[in-house]
Amino acid sequence: LLYTIKFETMSIDIRLKKASKCYQPGEVLKGMVVIDSKSDISHSGLILSVEGSVNMQLSSKSVGIFEAFYNSVRPIQLIAISLDIQKTGKLTAGATSIPFEVPLTSKSSRPLYDSYHGVFISIQYIVKVEMRRGMLGKPLVKQLEFIVEGPKVPRNKDQPSIPFTITPQSLENVKEIRTVPNFKFSGVLERAICDIEQLLEGHVTVDHSVKPIKSIELQLVRVETCGCAEGYAKDATEIQNIQIAEGDVMRGLAIPIHMVFPRLFTCVTTATNNFKIEFEVNIVIVLQDDHLITENFPIKLYRPL
C-alpha cells in the first residue's frame with residue numbers, strides 16, 4: 001500500500017506490511033515510513049502516532065433537547081500512542097526507509113471496537129507521521145486509516161430460523177384495516193444472530209395478493225444511539241437497499257434472499273454506556289399503486305473465532 005504526500009521535491013509514504021490493512025486487537029501494526037527527496041533535508045524530528053477514537057454527533061432533531069448530550073457525545077479515545085522514529089538531524093538525498101512497530105492495545109478498560117463508518121457514530125483508527133521542520137518550516141503530515149476487527153466470540157451453532165407471515169392483520173400502525181387490500185406473504189430468515197463475514201440468507205413467497213406487485217426489496221438499516229443517563233438520541237438510517245424481485249411475481253414461488261454485510265458500514269452489534277450500534281433488516285413489498293408493506297427484523301451481528 002502506498003500513500004504519498006508531496007512537498008517541493010520531497011515525498012512521504014506510509015507503507016503497511018499487511019495489504020488488507022485489517023488488524024486484530026493485540027496485533028502489532030508494522031510498516032515503514034519512506035521519505036524520498038532529491039536533495040539533503042534537515043528536520044527537527046519524525047513523530048509517528050497511532051490514534052483510535054469513537055466520534056459521535058447528534059442528528060438535527062436531537063440538538064438542543066438535552067444539554068447533557070453535549071458532554072456525552074465527546075470523542076471517546078480508544079488508543080493513543082506516539083513515537084519518535086527519527087531524532088533531529090539530516091536526511092540524505094534519495095529514499096530513506098524507517099520501519100515502525102506499534103502494538104494495538106487499548107489505553108483504557110474499553111476494548112478496541114470494530115472500525116465503523118456510520119451517520120451519527122464513527123469508529124476510526126489512524127496512523128500518522130509528522131516531519132517537523134523547525135520554527136519557520138511548515139511540518140509535513142501524512143495519515144491513513146487502517147481497519148480493526150474487534151473481539152471475536154465463539155460461533156453460535158444452534159441458531160433457529162425465523163419464519164414469518166405478513167397479512168393485513170399482522171401490520172402495525174394501521175388505522176383502518178378495511179382499507180388494506182388482502183394479501184399474504186410468507187418466508188424464512190435463516191438466523192437473527194448473524195456472522196458478519198457470512199451472507200444473510202432466506203426466502204420470501206407471495207402466497208396471494210389482490211393488488212399487483214411492483215417490487216420486493218431487502219433493506220439493511222443501522223440504528224445508532226448516542227446519550228447518557230439523562231436521555232438518548234436514537235436514529236435509524238438506511239445502509240443499503242437490494243431489490244430481490246421486480247414486477248408482479250409468480251404466486252407460490254420462493255424468492256431467495258442473499259445479502260452481504262458491507263465492510264465499514266456494518267460492525268458487530270455494540271452496546272456501551274455512551275452509545276449503541278444495532279442493525280435491522282426490512283422486507284419491503286411495493287404494490288403497483290406505490291403502497292408499502294414492511295416487515296422489520298432486528299438482527300445481531302458478531303464475529304466468530
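Let me begin with one residue, Leu 301, which is buried, with a relative accessible area of 1%. I should say at once that what we are looking at is a predicted model, and that everything I describe this morning is computed from it. Leu 301 belongs to strand S22, and if we set aside the neighbours within four places in sequence, its contacts include Cys 194, Ile 196, Phe 261, Thr 266 and Phe 279. The C-alpha atoms of Leu 301 and Asp 195 are 5.9 Å apart in space, although 106 residues separate the two in sequence.

That brings us to the pairing around S22. Which strands pair with S22, and in what sense? Strand S15, residues 193-195, pairs with S22, residues 292-302, in the parallel sense over three bridges, and within that pairing Asp 195 stands opposite Tyr 302. Strand S21, residues 275-287, runs antiparallel to S22 and is joined to it by eight bridges, with Ile 293 of S22 as the bridge partner of Ile 285. Four residues lie between the strands in the hairpin of S21 and S22, and there Asp 290 takes a positive phi near 70°.

While we are on backbone angles, most residues other than glycine have a negative phi. Two further residues are worth pointing out in that light. Lys 21, which is not a glycine, has a positive phi of about 65°, and it lies in the loop between strand S2 (10-16) and strand S3 (22-23). Leu 264 likewise has a positive phi, near 75°, and is found in the loop between strand S19 (254-259) and strand S20 (270-271).

Let me turn to the aromatic residues, where a search of the whole structure finds six pairs. Take Tyr 113 and Phe 275: their ring centres are 5.6 Å apart and their planes stand at 90°, so this pair is edge-to-face. Tyr 113 sits in the loop between strand S9 (94-103) and strand S10 (116-117), whereas Phe 275 is in strand S21, so that the pair links distant parts of the chain, 162 residues apart. Both of these residues, Tyr 113 and Phe 275, are buried. Another edge-to-face pair is formed by Tyr 116 and Phe 279, with 6.4 Å centre to centre and 80° between the planes. Because Tyr 116 lies in strand S10 and Phe 279 in strand S21, this pair ties together parts that are 163 residues apart in sequence. Tyr 116 and Phe 279 are buried as well, and Phe 279 is the residue we met earlier as one of the contacts of Leu 301.

Elsewhere, ring pairs link Tyr 23, Tyr 125 and Phe 146 into a cluster, and Lys 18 lies over the face of Tyr 23, at 4.8 Å from the ring centre. Tyr 125 also appears among the contacts of Gly 52, together with Ile 76, Gln 77, Leu 78, Ile 79 and Gln 124, again leaving aside neighbours within four places in sequence. Gly 52 lies in strand S6, residues 46-56, and is buried, with a relative accessible area of 1%. By contrast with those contacts, Gly 52 and Ile 213 are 47 Å apart in space, C-alpha to C-alpha, and 161 residues apart in sequence.

Now to the nonpolar core. In soluble globular proteins, nonpolar side chains tend to be buried together. Here the largest nonpolar core has 74 residues, of which Leu 29, Phe 146 and Ile 216 touch the most other members. Which strand contributes the largest share of this core? That strand is S21, with seven residues. Beyond its neighbours within four places in sequence, Ile 216 is in contact with Val 204, Val 206, Ile 242, Ile 244, Val 284 and Ile 285, among others, and Ile 285 is the bridge partner of Ile 293 that I mentioned before.

Finally, the chain as a whole. Its secondary structure comes to one helix and 22 strands, and buried residues make up 45% of the 305 residues. The C-alpha trace spans about 80 × 45 × 40 Å along its principal axes, and the radius of gyration is 25 Å, where a compact globule of 305 residues would have one near 19 Å. Of the contacts with a separation of 6 or more, 70% are between residues 24 or more positions apart.

Terms used
Residues numbered from 1 in each chain as written. Heavy atoms only, no water. Pairing = 2+ DSSP bridges. Helix = DSSP H or I, 4+ residues; strand = E, 2+ residues; numbered from the N terminus. Buried < 20%, exposed > 50% of the residue type's maximum accessible area, 1.4 Å probe, protein only. Contact = heavy atoms within 4.5 Å. Phe/Tyr/Trp six-rings, centres within 6.5 Å; stacked < 30°, edge-to-face > 60°. Lys NZ or Arg CZ within 6 Å of the ring centre and 35° of its normal. Core = buried A, V, L, I, M, F, W, Y, C linked by side-chain atoms within 4.5 Å. Rg over C-alpha atoms; globule rule 2.2 N^0.38 Å.
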